[in-house]
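User: Please take a close look at one part of this protein chain for me, and then tell me how the rest of the chain is built. I am new to reading structures, and I would be glad of each term being explained where it comes up.

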Amino acid sequence: MIAGKNRYTGAESAAMDAALTAALAGPRGANPLVGAVILSRQGEQLATGYHRGAGTAHAEADAISEARKQGIDISGTSMVVTLEPCNHEGRTGPCAQAIIDAGIAKVIYAVDDPHDPAAGGARTLRAAGVEVQSGLGATEAFGLNREWFDAVTAKRPFVTLHIAQTLDSRIAAVDGTSQWISSPESLADNHGLRELIDAILVGTGTVLIDNPRLTARTADGERSQRQPIRAVMGLRKVPDDAAVRGRDGRFVHLPTRDPAAALGTLFDQGVRHVMVEGGSSILSTFLAAELVDELIVYLAPTLLGSGTPALNDLGITTLTAAQQWSWDEAGGGAVRTLGKDLRLHLRPTRASHIKNSIPRSEAAEYVTGGH
C-alpha cells in the first residue's frame, strides 16, 4: 500500500502507482527515475511521462508533451509526480515553470528534491498559485531512487559497476587475453552506456595490460559524439603513450587507491555518474567499500576453468556477511539476452532508513501523508 493514500483520492493514489511504474522505464544514473501522470478534474489519467536519461525531457515535461500530442487541454488539471518538480535551468528548462505555463492547477509529488540546484520547485509553484501537496507514495518513491539519494547526500557520483565475465566468473584467461569474452551485442550495449555516463574509471593495471581507449564508439567503430571522461585510478604511472590519454583533454589520473577519494575528485570536476570497468582489484575495492549503486554483468556462455577472477577478496568470511543484491527492473529489465550473452542488472539490497534518509521534510509526514 502506498504511503499516505488515506489523505488522497483513489484517482490520485492510482495515478501515483502509474507514475512509479512509468519511472522504472528510465535508466539509472546521474538523474533520478521519475514518472508523472496528468489527471483530469474527474480523475481520468490523461497522459503519462517519464525521464529517459540525461539531456532528455523530464517526466513532467514529457507528460505535458504527450498530452499536447493528443490535443488534450490540460489547463485546470492535476499532475501527480514521483519527485518534486525541478526549479533550475539545466540541459532542459525548469519543470516548475513548464507546469505553470501549462495551466496545471494542482501538483502532488512524493518526495522533495535533495539536489540543491534543482530544489525549490514546490515554492515556485505555490507562488504562482498552484496547489501543492507532497507525501503520497513517499516510501515507494524513496525506495525507487534510494541509491541516487545516497549519492546526492554524500556529494559523490552515482556509481555503476560493469563486469564482463564467463560462466565461471573469469574476466581473462591465464595468458591475459580477454578480448572478446562478451558478444558484439553486449559490447554495443556497453558503448551505449558509455555515451550516457560522465566518466569511465579503470585501474592502472588494466591500462598497463590492455591499453584500452575507454571511448564510446558507434556500431561501425567511429567515436560517438558524446564522450565520457577517461579516468585511471592507482599509484602507478600512466605511460605517456597510453591510448587512454587521447588528445582531447578528457583524461584524468587519480593517484590513489581509495575509492572514496577518487569519487570525491571526480565529483569536484563535475562528474555525477561514473562507470567502473575493472580489473579485479578496482572492482573489488569499490564493492568492498560499498560504493556501488548499480551492477551490470555481461555473462558469456563460456568456461575457462582458470585465469583472472572477476573479483578478489572482499573481506567476507561468513555467509551471513555476504553482500546481497536485488534484481533491478529499471531501464529495460533485470535480465536480458544480448546475442549469446545474458545481461544482468542489479542494485544493492540495503535497508531503507526512511527516518534518517528522506530529504528535508519530516519523516512522519512522508510516511503518513502530505504537508
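Which residues does histidine 162 touch, not counting residues up to four places away in sequence?

Analyst: Before the answer, a word on the model: it is predicted, with local features needing pLDDT of at least 70 and side-chain atom pairs counting only at pLDDT 80 or more, while totals for chains, interfaces and linings use all residues. Residues are numbered from 1 along each chain as its sequence is written, and side-chain values use heavy atoms, with hydrogens and water left out.

Leaving out residues up to four places away in sequence, histidine 162 touches Asn190, Met275, Val276, Glu277, Leu283, Ile296 and Tyr298, where a contact means heavy atoms within 4.5 Å. Histidine 162 belongs to strand 6, which runs over residues 158–165; helices (H or I, at least four residues) and strands (E, at least two) are DSSP runs, numbered from the N terminus. Its relative accessibility is 7%, which means that histidine 162 counts as buried, a word used here for under 20% relative accessible area, with exposed for over 50% and partly exposed for what lies in between (1.4 Å probe, protein chains only). From C-alpha to C-alpha, histidine 162 and asparagine 211 are 18 Å apart in space, and along the sequence they are separated by 49 residues.

Asparagine 211 is worth following, as its phi is near 50°, a positive value in a residue other than glycine. This asparagine sits in the loop between helix 8 (204–210) and strand 9 (229–233), and its 40% relative accessibility makes it partly exposed. Another positive phi, of about 60°, is found at serine 169, again not a glycine, in the loop that leads from strand 6 to strand 7. Serine 169 is partly exposed as well, with a relative accessible area of 33%. Glycine 71, just after helix 2, also takes a positive phi, of about 70°.

Two peptide bonds deserve attention too. Glutamine 179 and tryptophan 180 are joined by a cis peptide bond with omega of about 0°, and tryptophan 180 is placed in the loop between strand 7 (170–172) and helix 7 (184–196). The bond from glycine 278 to glycine 279 is likewise cis, with omega near 10°, and glycine 279 lies in the loop between strand 11 (273–278) and helix 10 (280–288).

A second buried residue to compare with histidine 162 is tryptophan 148, which has a relative accessible area of 6% and lies in helix 6 (residues 146–154). Apart from residues up to four places away in sequence, tryptophan 148 touches Gly29, Ala30, Asn31, Pro32, Asp113, Pro114 and Phe158. Tryptophan 148 and glutamate 294 are 146 residues apart in sequence, yet their C-alpha atoms are 10.0 Å apart in space.

Turning to the start of the chain, helix 1 (residues 10–23) has 14 residues and should span 20 Å at 1.5 Å a residue, and its end C-alpha atoms are indeed 20 Å apart; the expected span is 1.5 Å times one less than the number of residues. Among the buried residues of helix 1 are Glu12, Met16 and Leu20, and the cover over its buried residues includes strand 1, strand 2, strand 3, strand 4 (106–111) and helix 5 (138–144). In helix 2 (residues 59–69), the buried residues are Ala59, Glu60, Asp62, Ala63, Ile64 and Ala67, and what covers them includes strand 1 (35–39), strand 2 (45–50), strand 3 (78–83) and helix 3 (95–102). Serine 40, in the loop between strand 1 and strand 2, is buried at 11% relative accessibility and touches Leu46 and Thr77, not counting residues up to four places away in sequence.

For the chain as a whole, there are twelve helices and 16 strands, and 51% of the 371 residues are buried. Among contacts between residues at least 6 apart in sequence, 72% join residues at least 24 apart. A compact globule of 371 residues would have a radius of gyration near 21 Å, and the 22 Å of this chain agrees with that; the radius is taken over C-alpha atoms, and the globule rule is 2.2 Å times the number of residues to the power 0.38. Along the principal axes, the C-alpha atoms fill a box of roughly 70 × 45 × 40 Å.
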